[in-house]
Amino acid sequence: MLNLDRLRTLSAVARHGSVSAAADGLHVTTSAVSQQIAKLERETGQQLLAKNGRGVRLTDAGRLLADHATRILSQVELAQAELEAHRGQAVGELRLGAFPTAARGLFPAALVTLRAEHPQLRARLTEMEPDESVRGVVRGDIDLAVVLDWYNRPLSLPDGLAKAPLLDDPADVAMPSAHPLARRRSVELEEFADDEWISWPQGEFCNEWLMFTLRSKGIEPRVAHMAEEHGTQLALIAAGLGVAVAPRLGRGPVPKGVSVVPVRHTMRRHVYAIWRADADRRPSIRAAVGALRTAGKNLEDS
């Protein structure tokens, strides 16, 4: 009899491409992954992994079993979703992912609501970038993710996912209070063509959006500094080191020395939840989406 946990471990190694990455995805140690694979090899009587330089690769038998494991685990998940739907209660564990400002701006209120209304549901949040969380949902590493795209740059989603809008998040321009435009009621991005920018790190979705948007307006961005956290960006702006796009979700108090001015042609991020379509009937998914929508509506109304 094949053990589901061991099949899940093999599937993770196949998806992630290494033992260490599989361990990170499963939130276990590399030793635990190696032990599970060793037990699975004893159960099947076949070698499933082989050394490949400093890493490992799946053998022919490993690839064969990993393909079956993917289908088996999908069926198990579907069965669990239907059982949960039949029971009509949000119970068990729900693994959630969210980009940083959503984790800060939406989830505290949503998680409190879930705990109060569904005490048998264990929700666990992990902060991650949108591209990473989309992959996590597709792979089954997380159950639901909150992701974003921009008004002029949609996020590509693979087939097999369901989505629900949560809120639209306007973005302003943050600048030093001594900046010539700091006292304006509204601004246009073109007015900052000669400024140095503070951006998100290279490779992140929002950094790619900023470069695309500025260049589409004829501005070749001069990026002086990169910081992932908006709080760090605002601290750099307070020191007079540049300007930045500042979404309102999860922004927190604006520090002294920083002015935030709306953009005349409003820039917005669309924030929404995604999950696998085959889990659509799970009450826990519906409960999480409902709590997040309520948190988003309260923010928009405030």
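Me: What makes strand 4 and strand 9 the edge strands of the open sheet?
Reply: In this predicted model, six strands form an open sheet in the order 4-3-5-10-6-9, with mixed pairing. Strand 4 (121-127) and strand 9 (244-247) each pair on one side only, and are therefore its edge strands. From one strand to the next, the twist averages 30°.

Me: How do you know that strand 3 and strand 5 pair?
Reply: Pairing requires at least two bridges. Strand 3 (residues 92-98) and strand 5 (residues 144-150) are joined over three bridges, so they count as paired, in the parallel sense. Gly-97 stands opposite Ala-145 in strand 5.

Me: What lies across strand 3, strand 4 and strand 5?
Reply: Helix 6 (residues 107-117) does, and it runs at about 165° to strand 4.

Me: Why is helix 1 called oblique to helix 2?
Reply: The axes of helix 1 (residues 4-16) and helix 2 (residues 19-26) come within 8 Å and cross at roughly 120°. Angles of 65 to 115 degrees count as roughly perpendicular and those over 145 as roughly antiparallel; the crossing at roughly 120° fits neither class, so helix 1 is oblique to helix 2. The crossing is right-handed.

Me: Which residues of helix 1 and helix 2 meet?
Reply: Arg-8, Thr-9, Ala-12, Val-13 and His-16 in helix 1 meet Ala-21, Ala-22, Gly-25 and Leu-26 in helix 2. Five of the residues in this contact are nonpolar, three are polar and one is charged.

Me: Where in the chain is confidence lowest, and where is it highest?
Reply: Confidence is lowest in helix 4 (residues 60-87), at a mean pLDDT of 80, and highest in strand 7 (residues 196-199), at 97. The mean pLDDT of the chain is 90.

Definitions and conventions
Residues are numbered from 1 along each chain as its sequence is written. This is a predicted model: local features need pLDDT of at least 70, side-chain atom pairs count only at pLDDT 80 or more; totals for chains, interfaces and linings use all residues. Side-chain values use heavy atoms; hydrogens and water are left out. Axes are lines fitted to C-alpha atoms, for helices over the stretch in contact, and angles run from 0 to 180 degrees between N-to-C directions. Helices (H or I, at least four residues) and strands (E, at least two) are DSSP runs, numbered from the N terminus. Angles under 35 degrees count as roughly parallel, over 145 as roughly antiparallel, 65 to 115 as roughly perpendicular and the rest as oblique. A crossing is left-handed if the near helix is turned anticlockwise from the far one by less than a right angle, and right-handed if clockwise. Contact means heavy atoms within 4.5 Å. Ala, Val, Leu, Ile, Met, Phe, Trp, Tyr, Cys and Pro count as nonpolar, Asp, Glu, Lys and Arg as charged, and the others, Gly among them, as polar. pLDDT is the predictor's confidence in each residue, from 0 to 100.
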